[in-house]
Amino acid sequence: MHEIITLQLGQRANHLATHFWNLQESYFTYNGEEESPVDHDIHFRPGVGADGTETFTPRTVIYDLKGAFGTLRKYNALYELTEDATLGQGLWDGKEVIQRQTPISQSDYQKNLDAGMPAPQLTTETVRYWSDYNRLFYHPRSIVQLNDYELNSKIMPFEDWSVGEDLFSDLDKEHDLLDRDVRPFAEECDQLRAIQLFTGSDDAWGGFSARYVDRLRDEFGKKSIWIWAIEGGSKVPRQTQLKRDMNKARTIYSISPQSSLYTPIIDPPSHIPGKVYFDPQSEWQTTALISSAMESITLPTRLRQFHDFESSLAGDDGTHKIFELQSSVVTDDGTNPPLKESLTESKTSGQGIVKPQAEFELDFTYDGQGSNNSHIFNQLQVWRGTKPDQDESVLQEDIGLSRKQRYYNSAPMLQSYHAPLAFPILDSYPSHMFPGAKQKKINVLAALTASSRTAERIKRLEIVAERVISVDERETLVNGLGEIRESYETGWMSDSDFDDE
């Protein structure tokens, strides 16, 4: 077995992860049904509930601030604790005055789930917390509330990168977070192959996750670490945007060199095709859209038919670790000519040269800025729900030979996978997001791409850092970003460069 442990850090990360876990729950099959193509043991762990019954819960650790969990309890119906209602007063003989906060009312969606009734349709108004549309039970060890800060606090906002860094250091000194929260899940694994981490990157969670990744790398050595770094995409005042840019710069500098895969994700993306509808002010809806790409690109890591896929997810060349997340909705009737043509191109040709996909309907990493002639170093494609044009045996030709041919021809690295499992539109998902969905399913082309656009992005962060960052940190940060940027702009020449010569 090759297990994956997940860490979820912060409100936005937990919204995205909740969609991810709801999708994993939907792949379960029960008595009399055909076996699921998804190997659930990769992300779920067996256990025993409070009443002795067997349980199957996500192998995840969920961190969030005080007041961010909504109605989600640490001890749920599977692990309910029985307490003595007639506790003694101990050494105190006086009267007790118990003060309780006003409890958060449970959403109608959760009430119906608990009662085994059909779930009502969710709306932006009815979703207050990520737990309002959560469909799973978690192990009590998975729930970690950080009481030092409160959600959306105006007095002590959780925004500055250094605040998250200090919070991790304080908590780690007191509890040893890795030993307390991660090790119990790791010791249950037969062969841990990767750690997946959802986090915010442009607020204090960036600093918290940076120090967490330091500890993970020290503890787990060469294990794959995948980072899904979420940043705000909505327009904010200039001063707030500068603070966010500095937080992003520090996060990329601190985390990307230590990760196997670092994927910046803009929430929400700035350019949306006309056939996709969502409310950009609703984190429930924006992260639902992101999940259609993020869950699709990682799907082969959970399918029984693929083995050692984590090496593909981390990239072929081993040099570029920062990837762009992109996707397109694909139809079965051939109404997407460019995508259909690309599907044909993604098959191995006689010379072993395969062209990567350059244009996608949704780009979750960049806001449309950057040169149009950017160079692609490496791309991973996952086609789900579509039927391949050729037999699978043709698609799985000698990958080693194909890589050598690409190298000698200075062609981009490319791996393309096909998964027949379409993306399901669940009742916890915005129902109107993809109007063209048939039978509550859509076909998706998702991709992770390492390209020279990353150099342009980092260069912009360098320029801002030189103006804003304090002197004692400026040189280290700017030089560090410069070293990362150079690996995305050297070793290739654009067509225009050759023309100039």
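The structure holds 29 salt bridges, and the model from which they are computed is a predicted one. Three of these pairs are set out below, followed by two helix packings and the surroundings of three residues.

**Salt bridges**

| Pair | N to O distance |
|---|---|
| Arg-12 and Asp-203 | 3.3 Å |
| Arg-215 and Asp-176 | 3.3 Å |
| Arg-485 and Glu-489 | 2.7 Å |

Arg-12 and Asp-203 join their side chains in a salt bridge with an N to O distance of 3.3 Å. Arg-12 belongs to helix α1 (residues 11–26), while Asp-203 sits in the loop between β6 (192–200) and α5 (204–220), so the pair ties together parts that are 191 residues apart in sequence. Both partners fall under the 20% limit for a buried residue: Arg-12 has a relative accessible area of 13% and is buried, and Asp-203, at 15% relative accessibility, is buried as well.

The salt bridge between the side chains of Arg-215 and Asp-176 also spans 3.3 Å from N to O. Here Arg-215 is part of helix α5 and Asp-176 is in the loop between α3 (161–175) and α4 (177–187), so this pair ties together parts that are 39 residues apart in sequence. Arg-215 is partly exposed, its relative accessible area being 22%. Asp-176 likewise counts as partly exposed, at 29% relative accessibility.

In the third pair, the side chains of Arg-485 and Glu-489 meet at 2.7 Å, N to O. Arg-485 counts as buried at 14% relative accessibility, whereas Glu-489 is partly exposed with a relative accessible area of 35%. Elsewhere, salt bridges with shared partners link Arg-12, Asp-202, Asp-203 and Arg-244 into one network.

**Packing of α3 with α5**

Two packed helices are described by the angle between their axes and the distance between the axes. For α3 and α5, the angle is about 45° and the axes are 5 Å apart. An angle of this kind falls outside the ranges for roughly parallel, roughly perpendicular and roughly antiparallel pairs, and α3 and α5 are therefore oblique to each other. The crossing in which α3 passes α5 is right-handed.

On the α3 side, the contact is made by Trp-161, Val-163, Gly-164, Glu-165, Leu-167, Phe-168, Leu-171 and Asp-172. The α5 side contributes Ala-204, Gly-206, Gly-207, Phe-208, Ala-210, Arg-211, Tyr-212 and Arg-215. Sorted by class, the contact of α3 with α5 comprises nine nonpolar, three polar and four charged residues. Arg-215, listed in this contact, is also the α5 partner in the salt bridge with Asp-176.

**Packing of α12 with α13**

Helix α12 (residues 453–468) and helix α13 (residues 471–486) have axes that come within 9 Å and cross at roughly 170°. This makes α12 roughly antiparallel to α13, because angles over 145 degrees are counted in that class.

From α12, Ala-455, Ile-458, Lys-459, Leu-461, Glu-462, Ala-465 and Glu-466 take part, and they meet Arg-474, Leu-477, Val-478, Leu-481, Gly-482, Ile-484 and Arg-485 of α13. The contact of α12 with α13 holds eight nonpolar, one polar and five charged residues. Arg-485, which belongs to this contact, also forms the salt bridge with Glu-489.

**Surroundings of three buried residues**

His-40 is located in the loop between α1 and β2 (44–48). With 11% relative accessibility, His-40 counts as buried. Leaving aside residues up to four places away in sequence, His-40 touches Gln-24, Tyr-27, Phe-28 and Phe-56.

Phe-44 lies in strand β2 and is buried at 3% relative accessibility. Under the exclusion of residues up to four places away in sequence, Phe-44 touches Trp-21, Gln-24, Phe-28, Phe-56, Thr-57, Pro-58, Arg-59 and Leu-136. One of these contacts, Gln-24, is 20 residues from Phe-44 in sequence and 9.3 Å from it in space, C-alpha to C-alpha. Gln-24, Phe-28 and Phe-56 are touched by both His-40 and Phe-44.

Ser-142 is found in the loop between α2 (108–115) and β5 (143–150). Its relative accessible area is 0%, and Ser-142 is buried. Apart from residues up to four places away in sequence, Ser-142 touches Pro-58, Thr-60, Val-61, Ile-62 and Phe-185. Pro-58 is a contact of Phe-44 as well as of Ser-142.

How values were computed. Residues are numbered from 1 along each chain as its sequence is written. This is a predicted model: local features need pLDDT of at least 70, side-chain atom pairs count only at pLDDT 80 or more; totals for chains, interfaces and linings use all residues. Side-chain values use heavy atoms; hydrogens and water are left out. A salt bridge is a side-chain nitrogen of Lys or Arg within 4 Å of a carboxyl oxygen of Asp or Glu. Helices (H or I, at least four residues) and strands (E, at least two) are DSSP runs, numbered from the N terminus. Buried means under 20% relative accessible area, exposed over 50%, partly exposed in between (1.4 Å probe, protein chains only). Axes are lines fitted to C-alpha atoms, for helices over the stretch in contact, and angles run from 0 to 180 degrees between N-to-C directions. Angles under 35 degrees count as roughly parallel, over 145 as roughly antiparallel, 65 to 115 as roughly perpendicular and the rest as oblique. A crossing is left-handed if the near helix is turned anticlockwise from the far one by less than a right angle, and right-handed if clockwise. Contact means heavy atoms within 4.5 Å. Ala, Val, Leu, Ile, Met, Phe, Trp, Tyr, Cys and Pro count as nonpolar, Asp, Glu, Lys and Arg as charged, and the others, Gly among them, as polar.
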